[in-house]
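Reader: I have the sequence and the model open side by side. Could you walk me through the sheet, one question at a time?

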Amino acid sequence: MIADEESLARVIAAFDAGSGPVAVDAERASGYRYGQRAYLVQLRRQGAGTALIDPVACPDLSGLGEVLADAEWVLHAATQDLPCLREIGMIPSRIFDTELAGRLAGFPRVGLGPMVENVLGFVLEKGHSAVDWSTRPLPEPWLRYAALDVELLVDLRDALEKELDRQGKLEWARQEFDAIASAPPPEPRKEPWRRTSGMHKVRRRRQLGVVRELWETRDRIAQRRDVSPGKVLSDAAIVEAALGLPANVHALSALSGFGHRMGRRQLEQWQAAVDRAKALTESQLPQPGQSVTGPPPPRAWADKDPVAAARLSAARAGVSALAERLNMPQENLITPDTVRRVCWEPPKPVDPDSVSAALASHGARPWQIDQVTPVLVAALSA
């Protein structure tokens, strides 16, 4: 593993002198560490071989990113790896996503292992995908497993390019890849505490305040200790405390998730968070629902606007039939959110030009607009 500046300089020179696409992968420590940083970066390129780089020891890989800036990067499920690669200075200008290519080509299983087996006939070693990649030193079998992730990626890319071309979908795939490569970093989530598992059980504003206070306390502790928030306190325990509104540490310790293994000091910090939420004024408490932009949930359409509900039903049926004909998942043909937005507030008048413009305004790619516009025009005109 490359873990010093001198070795990294040699890798940069080798990959600069290499040719063709570069296979790229990254391993994170999800479920073990706070955040989604990279703990291993794997690369392979014709003429350069394979490199495994430790981004903890070499946190700035912008020099490597620069020499590869004009190359096509081949990744599997690119949207998972690009954020952590961006953090260490590796930002591609062109990509080929083998997972997305598999979806567009109609493969039923698009994990890297099944794709390599189905397309190339090789079976990749399994067994280390969910390990703690922040471990140092990394065991030899883990490194071998990681190297295999990029061993055949360019071969898989070449085979999928031919298959997409055969199906007449290669230009569609290129538009999708360009959209991923040019997308800005996602905005931070507003009120991320609302994504706590089990939130549907929490109804009252005081209880919501407890969830928020416990979530934010847990997040600060997890960040300070650099561990996954779930290892500090489970979502289920947060919801239990919110529903129970314990009066003191003794009552808190009786709740599921705050059991006998939790020390007195820990219990006191969680009870203090509950007490802070209890002390909030009415105006300081969170509102029951998140402020939602766009249309209401589809289940509410029949009551709010039966005509819109009928439009959505027709549009969904049309998109589903088209996706089946094209042999790809519906969500890759057009996002469900885009269909909902266009059906809730259709353009006026409803015609191919106005529907195409509406789809484009929601970020649909040209190939998607070409395919979906006739279906939506028919659904909106029914």
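Reader: Glad to start with β2: how many of its residues are buried?

Author: Happy to help, and please keep in mind that this is a predicted model. Strand β2 is mostly covered. Buried here means under 20% relative accessible area. Of the 9 residues in β2, the number that are buried is 7.

Reader: Which strands stand at the edges of the sheet, and why?

Author: The sheet is open, has 5 strands with mixed pairing, and follows the order β3-β2-β1-β4-β5. A strand with a single partner has one side left without a neighbour in the sheet, so the edge strands are β3 (49-53) and β5 (94-97).

Reader: In what sense does β2 pair with β1, and over how many bridges?

Author: Look for Ala-26, which stands opposite Val-41 in β2. The strands β1 and β2 run antiparallel, and the number of bridges joining them is 8.

Reader: Which residue in the turn between β2 and β3 has a positive phi?

Author: Strand β2 (residues 38-46) pairs with β3 in the antiparallel sense over 5 bridges. Within that pairing, Leu-43 stands opposite Ala-51, and Gln-42 has Leu-52 as its bridge partner. The two strands form a hairpin with 2 residues between them, and the one with a positive phi, of about 85°, is Gly-47.

Reader: Which helix lies across β1, β2 and β3, and at about what angle to β2?

Author: Find residues 140-151, which make up helix α6. This helix lies across β1 (19-28), β2 and β3. Its angle to β2 is about 45°.

Technical notes
Residues numbered from 1 in each chain as written. Predicted model: local features only at pLDDT ≥ 70, side-chain atom pairs only at ≥ 80, totals over all residues. Heavy atoms only, no water. Pairing = 2+ DSSP bridges. Helix = DSSP H or I, 4+ residues; strand = E, 2+ residues; numbered from the N terminus. Contact = heavy atoms within 4.5 Å. Axes fitted to C-alpha atoms, helices over the stretch in contact; angles between N-to-C directions. Buried < 20%, exposed > 50% of the residue type's maximum accessible area, 1.4 Å probe, protein only.
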